[in-house]
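Biologist: I have a model open and would like to learn how to read it. Could you walk me through some features with me?

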4 protein chains.
Amino acid sequence: MREINSWCVMLERSEFSEALAPPELLARFESVRAESVWRAAMLSDEDCGAQSMDDASPVKWHLAHTTWFFETFILEAYEAGFKPFHQAFRVLFNSYYNGVGEKHPRPRRGLLTRPSRHEVMAYRANVDARMIKLLAGTDVKAGLLELVELGLQHEQQHQELIVTDVMHLLHQNPLYPAYGLPMAVKPAGDLRWHEFGAGVVEIGHQGEAFCFDNELPRHRQFVERFELASRLVTNAEYAEFIAAGGYEEASYWLAEGWDFVAKLTARQPMFWHKRDGAWFEFTSDGLQKLDMAGPVLRLSYYEASAYAQWAAARLPTEAEWEVAAVSGKEFEQMFGVAWQWTSSSYAAYPGFVAAAGAVGEYNGKFMVNQYVLRGSSVATPEGHSRASYRNFFPAGASWQFSGIRLAR
Amino acid sequence: MREINSWCVMLERSEFSEALAPPELLARFESVRAESVWRAAMLSDEDCGAQSMDDASPVKWHLAHTTWFFETFILEAYEAGFKPFHQAFRVLFNSYYNGVGEKHPRPRRGLLTRPSRHEVMAYRANVDARMIKLLAGTDVKAGLLELVELGLQHEQQHQELIVTDVMHLLHQNPLYPAYGLPMAVKPAGDLRWHEFGAGVVEIGHQGEAFCFDNELPRHRQFVERFELASRLVTNAEYAEFIAAGGYEEASYWLAEGWDFVAKLTARQPMFWHKRDGAWFEFTSDGLQKLDMAGPVLRLSYYEASAYAQWAAARLPTEAEWEVAAVSGKEFEQMFGVAWQWTSSSYAAYPGFVAAAGAVGEYNGKFMVNQYVLRGSSVATPEGHSRASYRNFFPAGASWQFSGIRLAR
Amino acid sequence: MREINSWCVMLERSEFSEALAPPELLARFESVRAESVWRAAMLSDEDCGAQSMDDASPVKWHLAHTTWFFETFILEAYEAGFKPFHQAFRVLFNSYYNGVGEKHPRPRRGLLTRPSRHEVMAYRANVDARMIKLLAGTDVKAGLLELVELGLQHEQQHQELIVTDVMHLLHQNPLYPAYGLPMAVKPAGDLRWHEFGAGVVEIGHQGEAFCFDNELPRHRQFVERFELASRLVTNAEYAEFIAAGGYEEASYWLAEGWDFVAKLTARQPMFWHKRDGAWFEFTSDGLQKLDMAGPVLRLSYYEASAYAQWAAARLPTEAEWEVAAVSGKEFEQMFGVAWQWTSSSYAAYPGFVAAAGAVGEYNGKFMVNQYVLRGSSVATPEGHSRASYRNFFPAGASWQFSGIRLAR
Amino acid sequence: MREINSWCVMLERSEFSEALAPPELLARFESVRAESVWRAAMLSDEDCGAQSMDDASPVKWHLAHTTWFFETFILEAYEAGFKPFHQAFRVLFNSYYNGVGEKHPRPRRGLLTRPSRHEVMAYRANVDARMIKLLAGTDVKAGLLELVELGLQHEQQHQELIVTDVMHLLHQNPLYPAYGLPMAVKPAGDLRWHEFGAGVVEIGHQGEAFCFDNELPRHRQFVERFELASRLVTNAEYAEFIAAGGYEEASYWLAEGWDFVAKLTARQPMFWHKRDGAWFEFTSDGLQKLDMAGPVLRLSYYEASAYAQWAAARLPTEAEWEVAAVSGKEFEQMFGVAWQWTSSSYAAYPGFVAAAGAVGEYNGKFMVNQYVLRGSSVATPEGHSRASYRNFFPAGASWQFSGIRLAR
């Protein structure tokens, strides 16, 4: 799990140098910043302030924290005569950067009724104006463009969390209110299996474009012969697993997964509900009849693993997934639908070196007890997907757009 | 602890028959209902929605629940052609009346971002209008006036909780925002001890005016000779206890109290803070220099007991307190400043009988592991104090306006 | 709850001066010390070492701790050339006397596999020999006899705990092994109600014989008219309560009691089991058919209270119980069968003063959130019962010989 | 973690066919069975009965459970006229095989004071005699020899746990009693780094000898160039890490590791103690001066990882470790000293297939959130080490003989 922004503390990598020229960057800055606001536009002040669990944050906090990032890591370093918008925000909207002062305890973010959403929007406006002025300046200093890009990538990650966190919140409400963000998914075709032969492959990011440090270095792995499914597991298929007693049969489950099942209040995906014998799903449009052709979403690693076991298949490794993603074969739903659990524990690539210094303080610190998800989801912002991207969450996390692509 | 409204489920007592004639009751209805709104007037929507701990409720919930009471127990029974304002509110704003359908889990009240505060205010307006129409009618049915009075008393109890709950919330915020409700306390004079001889006394409510069932029946007790302090313990006195190592010396504390101390993050009253060697207190006006002449507030029973032990005194029993309150002797701060912990466990008076039926469902159910507080506080609404009133909380509760009056 | 020996830290009271002359005391010392060993005689070393829950202690610990008491409070003060048997035992077998050095954490007593039971028995023999020598000496110093009596009373309290703790342990074992201590109870006659008129009564210990400080001072109380049952509630009667749905109907239960029920693994007394539709009870002879005429045992306060509510009666106050006990009326099973829950919270009698100094360190420290039980049980040693005796446990404790005598 | 015997549920693999001829197997059976008894010989009955934490089991339970394995999986299947030694033992000494009836809850194993150790030894003697008779018979059925070998391998695993569990127990005792099992470790030479070039390697078990299913199938991996340390990290080196503030500097630690540190009662290896400024270690001989040249033991994965980070190195992957182990280069302490944490999450080898049927019920069920340790320890029985062996524990486990071999 990103601990909201584990991805976001990145070093200034020398690999990343393809900085946009200021005019384009300016446009991109404005567009990315606007997207965050747009994702909160249909929410009330109360919706934006509440926190539904420790792992989630209030929308207001996401809006403020992404702004804090620009103020702290860019304006403070590059703005002449820098003065913080509000001294207290530096603590309140820090996430976990130990190097940057005391942080406000995460589980209590929902208690920060002040500053109000209105004040946070004023904070955004203030920082945006100062950033635009800085970027429009003639004297763009070394490292600035990379940091801006990093800030935008960071904000895009939080944009996905805005969606998953607020939907988790609204789902707690017995009224099942609609969030309202459009999130249509194109149906996929029939399931086919694409085969890949054994051999040494290369994975990891290549090229000059932006990437996070965990995608590096590009390196070799030996992959045995495998097959990968052409599309994601559907709701219909997962409903069949449930109907076949999938949640009642220990042999499909990892031992920890079986403990996970024992604590579930209902033996079904987190957002599924049964009404008069029919399945419904909580969606951006509220509680809706379950779309049987759609991809199953919001699964934990345990559920994904148990389903695969039942289906006489398995989850792919991340190397298999990445090889397939760039193979040119006809896969559907690799990106933009649901993150896909892999059986790979989140670990450093060979040769990965934790960077020194403040921004890179925590590079590898989440590389234990988490599992890699590949692809991207319907909530991932435009332009934030690539074949080498490594998302990661603990095995029990199930409030993301996380689904299954089978391997065998 | 009232579990927000343990006080509020009262039977229709035959003792209570002094119903106001409709015109006066109408005025009183409007005035009490307005007071709740007034207490929330200076709060933002976000302030009204958040819940700072399981024991507290959001202000919005208090505003809705008190309205739900009138709708459920009065309009549903007395209004012709009754239709609920919104079917779902019947569950959402129920507190714990098992007899009246499924309730929403209490610790999740802060997640109810919908209905919005605006919708709750519309709910209030709607129920107020219907109530006023009902009360202005010519055909006032038996039992109605008593139920209206009960609803108003119930609402007054929640008015105090609005204050204590929202102040607990605002205190979580590192900005220590001001609530803004005026809460001045007149300073008391020097401490004197008033003596009372041993003998059989009578305590409990008498007369025809409203009271809660736990104040009945009026009965005899034998009280030994005792002395009671003329005023509350001051902040200065309590600071002396701290300075003398009161929180470090086990012998002052009950065994459970010593465990309570071990879990405290700071060894001082909940709202006290030390800044550069000086005491500050979080108040309705934000963080302020501690008023040394003012009463010490927000103490647990454990702290009250330890202070008394240190001061070579003790807490009074509730019988002692009540006898003194009606004695005509010169006591200060009996009412309207701080609730006063007594050493009396909350228990049934001899002859107390749990009522049958829906409203009286839970009359004595909180009579275990709670301690009685007497008097009333600066947050208690006008007209809601009397000598026989029995407030009660668990020994560890410390977010109320709870203080100490010593006995010996 | 005594926290194993909350009763046992007593001051040297001036009221207690009726010390036995040495020869009788010597005989009494030997007899009481032998009783502890007898109660462990049928247990294996493993039985004596295990601890079944935090609230219980291993038998071996009881045997050592009672010995530690004599060594620490008597031999150390009165023996010429005192040297402790083993320095480490002074910590290991201390219970909670903060004034007497570091204690070993209570929940870990079951991990003390060393010293072995054999070594503990050697410790007992050593201390016994030194005590006997001391008591047989010609120069008996002031205060010694009182302390010996206190040590014996203390040991008798632990004798009851040896029985309740080891039965709780054996009950955890699916084999339900028999403990083997004889514990027959004479059946009682038909239920009758004895009436008492209202008036001022006196309760508390009187006379020169030994008592604990919480039984003092003797004082006056006003008691309303009441009736008390002539015998305890039987297993048959309690089975009827269960059959009538007593554990399924919230209205019989205190709110905390209803939470207690929700956490029970079985809705019945702790030692009851159903086999092929019939009730069995775990007894000193293993799992036996439930004796329907016998008293119901091992109830929490919550269960006792719920039963009384269902039976349209109530629990007596401790004053009512004590008045009845000395009234000369025909009550059965007041002593020697089961401790009887009263509705009285454990609190100081008027005029009770916590003693200064080491032994009296903790006199009143358990007087919060516990309820008084009166009488004595089948496990209480001979000569350890009296009408003014105040036993106390938290409302949820149910592994004692605790039953119900109804009042109304 | 093996959940005591996660290793032990193995399928009957066709790969394993090199069964010993009966006479040799008989000798091996007797020798392995004797080793378990030998490891408990210096312990008292009380030592054998206690359980120091949920993750550990009493020695008595290990002695009984290994016997249960032979009775359940071999005698029941192969013995003519099979009758269990004691019906109840089938539940009490089952570990977690859901397919073989109700098991006794693991955290309560320490409460099983009956059967006594003596009865368990009688159980061992009975099953041993029946096994020997069976093995000496003329008609050895198919599959029997493989199951016996599996039972012996299983028992050897529990032999290591007997040592680690009882030492954890004795370490809880303030007396720090000596266990007494000889466990000398030969000192290692100076640290050197052995280099290995990049390339495709093969790992996993090969040959006909016994192995567990998680060591299969043998398969290819691509390994980058690496260096591996010639010996384990010493106590002296680890003490240097502590002295350098290793436990106080977040940047060395995984995020979860930093949380682990926050919960430690002392910031040092579990069995280390400081006395007058010098380090001591709890060993089989009790508390002893820390052997600075000896290997650091009883580290969690978090500590191993933090040390490596501080030392500007890293933990090896399991493939690197295995390649080095069979390389013929001069490594010390690969086996028989301490298990060595690798950075590899415990996962299925490519092509691993979970077996069908009762014994293979749980083959891969622990393959989540655990890390692989390689080598073997001073407590591993003779003949139970091999280069392909995969031990595994959760990252927080630190009561094993677990140490560090660095890579870079």
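Biologist: Let me start with helix H9 of chain C. Which residues of H9(C) are buried?

Modeller: Happy to help, and please keep in mind that this is a predicted model. Burial is read from relative accessible area, and buried means under 20%. In H9(C), the buried residues are Tyr301(C), Tyr302(C), Glu303(C), Ala304(C), Ser305(C), Ala306(C), Tyr307(C) and Ala308(C). That is 8 of the 10 residues of the helix, which spans residues 301–310, so the rest of the structure largely encloses it.

Biologist: What do the buried residues of H9(C) pack against?

Modeller: They pack against two kinds of element in chain C: helix H7 (235–243) and helix H8 (255–263), along with strand E8 (339–345) and strand E9 (371–374). Following the helix, you meet Ala312(C), whose phi is positive, near 55°.

Biologist: Where else can I find a positive phi in a residue other than glycine?

Modeller: Try Gln333(B), where phi is near 60°. Gln333(B) sits in the loop between helix H10 (318–325) and strand E8 (339–345) of chain B. Another case is Arg298(D), also with phi near 60°. Arg298(D) belongs to the loop between strand E7 (286–289) and helix H9 (301–310) of chain D.

Biologist: Are those two loop residues buried or exposed?

Modeller: Buried is the cut-off class for anything under 20%. Gln333(B) has a relative accessible area of 11%, so it is buried. Arg298(D) is buried as well, with a relative accessible area of 2%.

Biologist: And which residues does Asn214(B) touch?

Modeller: For touching, look for heavy atoms within 4.5 Å. Leaving out residues up to four places away in sequence, Asn214(B) touches Tyr346(B), Tyr349(B), Phe352(B), Met367(B), Arg390(B) and Phe392(B). Asn214(B) is placed in the loop between strand E2 (199–203) and strand E3 (219–223) of chain B, and its relative accessible area of 6% makes it buried.

Biologist: What about partly exposed residues? How should I read Ser327(A)?

Modeller: Partly exposed is the class between the buried cut-off of 20% and the exposed cut-off of 50%. Ser327(A) has a relative accessible area of 30%, so it counts as partly exposed. You will find Ser327(A) in the loop between helix H10 (318–325) and strand E8 (339–345) of chain A. Ala129(C), in helix H5 (residues 117–136) of chain C, is partly exposed too, at 48% relative accessibility.

Biologist: How far apart in space are Ala129(C) and Tyr176(C)?

Modeller: From C-alpha to C-alpha, Ala129(C) and Tyr176(C) are 37 Å apart, with their positions 47 residues apart in sequence. Compare that with Ser327(A) and Val59(A): they are 268 residues apart in sequence and 38 Å apart in space.

Biologist: Now the backbone. Which peptide bonds are cis?

Modeller: Omega is the angle to check. The bond from Leu216(A) to Pro217(A) is cis, with omega near -10°, and Pro217(A) is in the loop between strand E2 (199–203) and strand E3 (219–223) of chain A. A cis bond also joins Arg114(D) and Pro115(D), where omega is about -5°. Pro115(D) lies in the loop between helix H4 (89–92) and helix H5 (117–136) of chain D.

Biologist: Let me zoom out to chain A. Why does its radius of gyration fit a compact globule?

Modeller: A compact globule of 408 residues would have a radius of gyration near 22 Å, and chain A has 21 Å, which agrees. Chain A has 10 helices and 11 strands, and 61% of its residues are buried. Among contacts between residues at least 6 apart in sequence, 80% join residues at least 24 apart.

Biologist: Finally, how are the copies related? What rotation superposes chain A on chain D?

Modeller: A rotation of 180°, with 0.0 Å of shift along its axis, superposes chain A on chain D with an RMSD of 0.0 Å. That is the relation of a two-fold axis. The copies meet through the same surface, because 100% of the interface residues of chain A are also interface residues in chain D. By contrast, no contact joins chain A and chain C, and their closest C-alpha atoms lie 15 Å apart.

Definitions and conventions: Residues numbered from 1 in each chain as written. Chains lettered and ligands numbered in written order. Predicted model: local features only at pLDDT ≥ 70, side-chain atom pairs only at ≥ 80, totals over all residues. Heavy atoms only, no water. Helix = DSSP H or I, 4+ residues; strand = E, 2+ residues; numbered from the N terminus. Rg over C-alpha atoms; globule rule 2.2 N^0.38 Å. Buried < 20%, exposed > 50% of the residue type's maximum accessible area, 1.4 Å probe, protein only. Least-squares fit on C-alpha atoms with pLDDT ≥ 70 in both.
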